[in-house]
Amino acid sequence: MAANKGDSDIDDILTSEEELEKALCVLAGSDPDNCSYSKGYVKRQAVFACNTCTPNDAEPAGVCLACANKCHDGHDIFELYTKRNFRCDCGNRKFGGFHCQLNPVKEEENVRNRYNHNFSGFYCTCHRPYPDTDDQDEDEMIQCIICEDWLHSRHLGCPVVEPEELQEMVCEACMNKAPFLWTYAAHIAVPPVIQVGDAEEEVEVDIEGEDREAGQRKDEEPSSSDERTEPEEAVNRSSPGKRTHEEMTGSPAMATTKIVECKLKELQARGLERLRQGAVFWPYSWRAELCTCTSCKRAYVAAEVQFLLDQSDTILAYEKRGLHEPFGQHPLMALMNSMDRVQQLEVIYGFNELTTSISEFLEQCASEGKTVTVEAVHQLFEELQARKRRRTSDGNQ
């Protein structure tokens, strides 16, 4: 089939490779052959739950990629994406008499592990499964970087930016658990889209210009907060702030002489506030803007969000690291690198056809209320193989 495709299809191979690599990069950062238990509480790794060994009514437990592949092969496994500071539970007390085949000697419980309803197959504030056969609305699910739960975009309580522009997200509940983050949100978070007057058109507020004009007015004549006009107060309450004109254009000499003891207090002194409602989206560089003074570090620890100061904690850093570490490259990607472009294209088409056929098969079973049996799966793969043989025969004629 691939040999009969035009040059335009072959040129699309790079895009297809990127899509496949993106789909596999979550697994790429975790070791597929060795149980991660011996590494302790891994900073971030792919985690799975086994509904066969630990069903909904049992204590929640998670297993690493290697144990999902080896110890729980053939079980009812579902992926939890990645979890931070997690240690593999496979074979411990929660699994009864089941023993880990890769690392059988383990403590009875990993006391530092954190669990949520994801481990029982439920997500979001609506506590629904994924995929949800009763929900016909196609809705993007986004992971909070603090609680690591997945939420439907319609349940975030805020406008959602375009999918290609999604940054790190903190849900409203986690924002309230670390309330000092609201101050940072007013200055460095992704600007919210607000409604202006009675018009239906949505606009983004230019806070940079507002800050600059406010600075100029302050230099000309001092004024108290009581003298501010109502429109100015409305902007300050509902919109995020950016760096002032002086901060962006100031001379290096001035920058070196200015000592800021606490970034948080400096931001609080500016008086800008943001409505404390809904999830907050942050640019990927926002963690570098957090204050690291002793007082603020204590606040991070008290709110159990000290990992926000670790730039390598992000999903993006995990994925990039996984694609460059020795075990980071998925075997399928390694195999494709040894092929010519026509062979690579054939693999991509085959992979896409397989995933599409499986999705259609599962959707049909769900709509008809049928149970997925081993015989039905074997029949599906036999039909796929027969289809491939017919396609190969047609291509050789």
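Q: What distance does the polar contact between the side chains of D89 and N110 span?
A: This is a predicted model, where local features need pLDDT of at least 70, side-chain atom pairs count only at pLDDT 80 or more, and totals for chains, interfaces and linings use all residues. Residues are numbered from 1 along each chain as its sequence is written, and side-chain values use heavy atoms, with hydrogens and water left out. A polar contact is a pair of N or O atoms within 3.5 Å; within protein, one must be able to donate a hydrogen and the other to accept it, and residues adjacent in sequence count only if both atoms are side-chain atoms. For the side chains of D89 and N110, the distance is 2.7 Å.

Q: Which side chain of opposite charge is nearest to D89?
A: D89 is buried, meaning under 20% relative accessible area (exposed is over 50%, partly exposed in between; 1.4 Å probe, protein chains only). Lys and Arg count as positive and Asp and Glu as negative, with His and the chain ends not counted. A salt bridge needs a side-chain nitrogen of Lys or Arg within 4 Å of a carboxyl oxygen of Asp or Glu. D89 has none; at 4.6 Å, the nearest side chain of opposite charge is K94.

Q: Which side chain makes a 3.3 Å polar contact with that of D89?
A: D89 lies in the loop between strand 2 (77–86) and strand 3 (122–123); helices (H or I, at least four residues) and strands (E, at least two) are DSSP runs, numbered from the N terminus. Contact means heavy atoms within 4.5 Å, and beyond four places in sequence D89 touches residues including A61, G62 and Y115. The 3.3 Å polar partner of its side chain is N113.

Q: Is C64 buried or exposed?
A: C64 sits in the loop between strand 1 (42–50) and helix 3 (65–70). Its contacts more than four places away in sequence are C35, S36, Q45, A46, F48 and C88. Its relative accessibility is 2%, so C64 is buried.

Q: How many residues of helix 5 are buried?
A: Helix 5 covers residues 181–188 and is mostly covered. Its buried residues pack against helix 4 (172–177), helix 10 (263–269), strand 10 (280–282) and helix 11 (294–302). Among them are W182 and Y184. The count is 7 of its 8 residues.

Q: What is omega of the cis peptide bond between Y130 and P131?
A: Most residues other than glycine have a negative phi, and most peptide bonds are trans. P131 is in the loop between strand 4 (128–129) and strand 5 (141–143). P131 is exposed, because its relative accessibility is 63%. The Y130–P131 bond is cis, with omega about -5°.

Q: What is phi of N85?
A: N85 lies in strand 2. Its relative accessibility is 34%, so N85 is partly exposed. Y81, also in strand 2, has a positive phi near 70°. For N85 phi is positive too, near 50°.

Q: What angle separates the ring planes of F86 and F119?
A: Rings of Phe, Tyr and Trp (its six-membered ring) pair if their centres lie within 6.5 Å; planes under 30 degrees apart are stacked, over 60 edge-to-face and the rest tilted. This gives 7 aromatic pairs. F86 and F119 are stacked, because their centres are 5.7 Å apart and their planes meet at 20°.

Q: Over the ring of which residue does the charged end of R87 sit?
A: A charge sits over a ring if NZ of Lys or CZ of Arg is within 6 Å of the ring centre and within 35 degrees of the ring normal. R112 lies over the face of Y41, 4.3 Å from the ring centre. For R87, the distance is 3.9 Å and the ring is that of Y37.
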